[in-house]
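Here are my notes on the model you sent over. They go from single side chains out to the whole fold and back again.

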Amino acid sequence: MPGASQQPAMDTPDIGENRRSTAIVAAIVILLIYQGYSLSVVGAASPWIAKSFSLDQVHLAQLFAWMSVSAFGSLILARLADRFGRRQIILICLSLAPIFSLGAALAPRRQLFAGCQILISALLGGSVSSAIVLLAEELPTERRARGQAFAALASAIGGVLSYVVIPFLLQWGFSWRWLLAPSVAGIGLVAPLARMVPVSPRWAKAALRGEISSHFYDIFHPLCRTRAVTLLACAALDTMAGTAVNSWLYFQAVSILGLSPRMASSLVVAGMGVGMLGFPIGAWTSERYGRVPTVVYVGGAAWLGALAFYWGPPQDLTWPMTWLLASYCWFKMASGVMTVGANSAATELFPTALRTTMIGWQAITAAVSSMITQILIAALIGPLGGLTKVVRYFALLGIPSAVIFDLFIDETRGLSLEVAAREDAWSEIQHMKQLRAANRA
């Protein structure tokens, strides 16, 4: 009534849900910027790591291969996230990673450096798998792909920062080891993220129903088997291609193409900057056309850019940097589009009790594939006539991966998480297991 005192309007459920979603996305963005930066340090500093520890190309490849065993730790942490909750694993991993970053910065020998990097990668891999699953579980259906785009963008932003910093460190006379200083400072993120990261309600409900007592091998249950095997096969092929292309790109630019550190960093930063456009594009195509077409068509074409970069510019090209920049930009942008589609599908295809476990399985598959790739690169550099030729062959593996994804992965666009993940069918399976166990008792 006119003149009546007005009571403060309470937040509607939609407003409250939006605020919660925004806070979660902000927390994951912070975490993934830190993760992206910390995991990119080795790649950015690889030429100077080789000099510090007196490593040639073969021994540097072997060092990278040993670091890949970190994913075994990531699988364990992913499994623990399904058993004890995503929030706990995120905070534990974020608390420990800065300690081992300090150890890596001070390591006098390559063995100690590699050991610290293995632990850092394992911890951050475990926290990231929990983070992207938390996004899928917390965001509404129409925003899930957008959330994965924010996550991928944050990781990319973090990854490019080390390439921005390294030329200045060298110019000012500092050691590459100072790249690890922000990773050590990450301990300061624990307290604010503890207030921002919630317990996943979906996980809490699954825990109350007794459905989280699954096993790490349950992803191969007939309900999930085709999806799991397909995603693992694609993870293996994409990782072999991506490991070869990404881990050696900066080394290729500096040590083989002869670019200065500043020019090489400018190339990488520009390519990564343009590549970030792939994340919003990937969110749009995933929601408009579907996760599968996004991965298959754009992701498959991404590897053409990698091939062009390692093939090198034609000899009569006036501006060879244009060729390198254009091919690298296309590779990074199309890879970003593919990442959003693939992450959206991977987090939507499995029930709550297995969602993070599946991400962990992908991590360990990627680790084994990465290790095999680095070992093979080290072995093939001589017989095939150099690093550049070897990387070209590996880059081709991304194309059959896209074909396999198209043949065997179900489309989840527009489906609720429960329907996409076959949650009801999984609940029924677990209920029958509980009944059989009770009857045996």
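1. One cut-off first, since the next point leans on it: a residue is called buried when its relative accessible area is under 20%, and exposed when that figure is over 50%, with partly exposed in between. Keep in mind as well that this is a predicted model.

2. Start with arginine 291. Its relative accessibility is 1%, so this arginine counts as buried. What does arginine 291 pair with? One partner is glutamate 348, with the closest N and O atoms 2.8 Å apart in a salt bridge. Arginine 291 belongs to helix α15 (residues 291–311) and glutamate 348 to helix α16 (residues 320–348), so the pair ties together parts that lie 57 residues apart in sequence. Glutamate 348 is also at 1% relative accessibility and therefore buried.

3. Arginine 291 has another salt bridge, this one to glutamate 287, where the closest N and O atoms are 3.6 Å apart. Is glutamate 287 buried or partly exposed? It is partly exposed, because its relative accessible area is 24%, and the buried class stops under 20%.

4. On charges overall: the count comes to 9 salt bridges. Side chains of opposite charge can pair when their charged atoms come close. Have a look at the network that links Asp82, Arg86, Glu137, Arg355 and Glu423 through salt bridges. Within that network, the side chains of aspartate 82 and arginine 86 meet at 2.6 Å, N to O. Both aspartate 82 and arginine 86 are buried.

5. Now the fold as a whole. How many helices and strands does the protein have? The secondary structure comes to 21 helices and 0 strands. The radius of gyration is 23 Å, close to the 22 Å that the globule rule gives for 441 residues, so the protein is as compact as a globular protein of that length. Along the principal axes, the C-alpha atoms fill a box of roughly 75 × 65 × 45 Å. If you look only at contacts with a separation of 6 or more, 86% of them are between residues 24 or more positions apart.

6. Inside versus outside: 53% of the 441 residues count as buried. The protein exposes about 19000 Å², and 68% of that is supplied by carbon and sulfur atoms. In soluble globular proteins, nonpolar side chains tend to be buried together. Here the largest nonpolar core has 124 residues, and those with the most contacts inside it are Phe113, Trp248 and Phe405. Helix α6 (residues 110–138) gives this core its largest share, 13 residues.

7. Which residues does phenylalanine 113 touch, leaving aside neighbours within four places in sequence? Its contacts are Val42, Ile49, Phe53, Met67, Ala104, Ala107 and Trp176.

8. There is also nonpolar material on the outside. Val164, Val165, Phe168, Trp172, Phe174 and Trp178 form a surface patch, with about 600 Å² of accessible area together. Valine 164 sits in helix α7 (residues 144–171) and has a relative accessible area of 34%, so it is partly exposed.

9. Another arginine to click on is arginine 227, in helix α11 (residues 225–247). At 6% relative accessibility, arginine 227 counts as buried. Not counting residues up to four places away in sequence, arginine 227 touches Leu349, Phe350, Ile409, Asp410, Ala420, Ala421 and Arg422.

10. One of those contacts, arginine 422, deserves its own point. Most residues other than glycine have a negative phi. Arginine 422, though, has a positive phi, near 55°. Where is arginine 422? Its place is in the loop between α20 (417–420) and α21. Its relative accessibility is 32%, so arginine 422 counts as partly exposed.

11. Last, follow the chain on into helix α21 (residues 423–440), where alanine 425 is found. Alanine 425 is at 35% relative accessibility and so is partly exposed. Its C-alpha atom is separated by 8.1 Å from that of leucine 223, although the two residues are 202 apart along the chain.

Technical notes. Residues are numbered from 1 along each chain as its sequence is written. This is a predicted model: local features need pLDDT of at least 70, side-chain atom pairs count only at pLDDT 80 or more; totals for chains, interfaces and linings use all residues. Side-chain values use heavy atoms; hydrogens and water are left out. Helices (H or I, at least four residues) and strands (E, at least two) are DSSP runs, numbered from the N terminus. Buried means under 20% relative accessible area, exposed over 50%, partly exposed in between (1.4 Å probe, protein chains only). Contact means heavy atoms within 4.5 Å. Patches are made of residues with over 30% relative accessible area and no salt bridge: like charges are joined within 9 Å, nonpolar side chains (Val, Leu, Ile, Met, Phe, Trp, Tyr) within 5 Å. Accessible areas come from the Shrake-Rupley method with a 1.4 Å probe; for residues, only the protein chains shown count as cover. A salt bridge is a side-chain nitrogen of Lys or Arg within 4 Å of a carboxyl oxygen of Asp or Glu. The radius of gyration is taken over C-alpha atoms; the globule rule is 2.2 Å times the number of residues to the power 0.38. A nonpolar core is a set of buried Ala, Val, Leu, Ile, Met, Phe, Trp, Tyr and Cys residues joined through side-chain atoms within 4.5 Å.
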